[in-house]
Amino acid sequence: MSQPPFCWPVRVYWEDTDAGGVVYHAGYVCFFERARTEWLRSKGIVQSRLAAENGVVFVVYGMQLRFLKPARLDDLLQVSVIPGSVRRASLVIDQSIRDGDGLELCRAVVEVACVRAEDFRPCPIPEDLRKEMHV
């Protein structure tokens with residue numbers, strides 16, 4: 001049985017918007033990044049410690065975005081993280097941003113690779129982390 005998606009609340013501030021008070025398209029990428037980081041933290045995975053202790057970091061190597069409706073200044077949003085396939089050295093994550101009424105505003109499919117911190121070459125995801133990333 002699958003678990004519910006991890007959700008992280010995000011408030012839209014002035015700095016996130018364009019002149020019309022609508023979230024600037026690149027702002028959604030930042031919201032997705034914050035939610036993925038907090039998802040990892042919820043599993044006890046702190047990325048700075050991962051680099052220092054395991055010598056690996058996660059990097060985004062692909063992202064597909066679909067903008068459905070605009071988010072606006074002061075909106076309180078929910079950003080979800082649903083891990084998909086976890087492979088030897090990479091994983092795919094489905095993400096969504098919804099407003100307070102549950103209306104989906106933006107969705108993303110994010111491809112993340114595990115790389116060595118010293119030279120950014122692909123490497124296997126440590127086995128204990130692979131287990132934590134499965135839902």
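Start by selecting Arg98 and Glu104: Arg98 stands opposite Glu104, which belongs to strand E5. Strands here (E, at least two residues) and helices (H or I, at least four) are DSSP runs, numbered from the N terminus. Before you go on, note that this is a predicted model, in which local features need pLDDT of at least 70 and side-chain atom pairs count only at pLDDT 80 or more, while totals for chains, interfaces and linings use all residues. Residues are numbered from 1 along each chain as its sequence is written, and side-chain values use heavy atoms, with hydrogens and water left out.

**The sheet**

Now widen the selection to strand E4 (residues 90–98) and strand E5 (residues 104–116), which run antiparallel and are joined by nine bridges. Two strands count as paired if DSSP finds at least two bridges between them. Add the other strands and you have an open, antiparallel sheet of five, in the order E1-E3-E4-E5-E2. Look at the edges: strand E1 (6–11) and strand E2 (56–67) each have a single partner strand, so one side of each is left without a neighbour in the sheet. From one strand to the next, the twist averages 25°.

Next, show helix H1, residues 25–42. H1 lies across E1, E2, strand E3 (76–86), E4 and E5, and runs at about 120° to E4. For such angles, axes are lines fitted to C-alpha atoms, for helices over the stretch in contact, and the angle between N-to-C directions runs from 0 to 180 degrees.

**Salt bridges**

Which residues should you pick for charge pairs? A salt bridge here is a side-chain nitrogen of Lys or Arg within 4 Å of a carboxyl oxygen of Asp or Glu, and by this rule there are five. Here are three stops among them.

- Go back to Glu104: its side chain meets that of Arg107 in a salt bridge, 2.7 Å from N to O. Glu104 is buried at 16% relative accessibility, whereas Arg107 is partly exposed at 38%. Buried means under 20% relative accessible area, exposed over 50%, and partly exposed in between (1.4 Å probe, protein chains only).
- Select Asp119 and Arg116, whose closest N and O atoms are 2.4 Å apart in a salt bridge. Asp119 is partly exposed at 33%, and Arg116 is partly exposed at 32%.
- Move to Glu33 and Arg36, a salt bridge with 2.4 Å from N to O. Both lie in helix H1, three residues apart, which is about one turn of the helix. Glu33 is partly exposed at 36%, but Arg36 is buried at 7%.

**Aromatic pairs**

How many aromatic pairs does a search of the whole structure find? There are three. Rings of Phe, Tyr and Trp (its six-membered ring) pair if their centres lie within 6.5 Å; planes under 30 degrees apart count as stacked, over 60 as edge-to-face and the rest as tilted.

Select Phe6 and Trp8: their ring centres are 6.5 Å apart and their planes are at 10°, so the pair is stacked. Trp8 is partly exposed, at 31% relative accessible area. Then pick Tyr28 and Phe67, with centres 5.5 Å apart and planes at 65°, so this pair is edge-to-face. Tyr28 lies in helix H1 and Phe67 in strand E2, so the pair ties together parts that are 39 residues apart in sequence. Tyr28 is buried at 3%, while Phe67 is partly exposed at 41%. Add Phe31 to see one aromatic cluster of Tyr28, Phe31 and Phe67.

**The core**

Keep Phe31 selected and add Trp39, Phe58, Leu91, Ile97 and Met133: these have the most contacts inside the largest nonpolar core, which has 32 residues. E1, H1, E2, E3, E4, E5 and H3 each supply at least two residues of this core. A nonpolar core is a set of buried Ala, Val, Leu, Ile, Met, Phe, Trp, Tyr and Cys residues joined through side-chain atoms within 4.5 Å. In soluble globular proteins, nonpolar side chains tend to be buried together.

Zoom in on Phe58. Leaving aside neighbours within four places in sequence, its contacts include Leu40, Leu91, Cys114, Leu129 and Met133. Contact means heavy atoms within 4.5 Å.

**Last stop: Cys123**

Find Cys123 in the loop between E5 and helix H3 (127–133). Is Cys123 buried or exposed? Cys123 is buried, with a relative accessible area of 10%. Beyond its neighbours within four places in sequence, Cys123 is in contact with Val56, Ala89, Cys114, Val115 and Arg116. To finish, draw a line from the C-alpha atom of Cys123 to that of Val12: they are separated by 36 Å and lie 111 residues apart along the chain.
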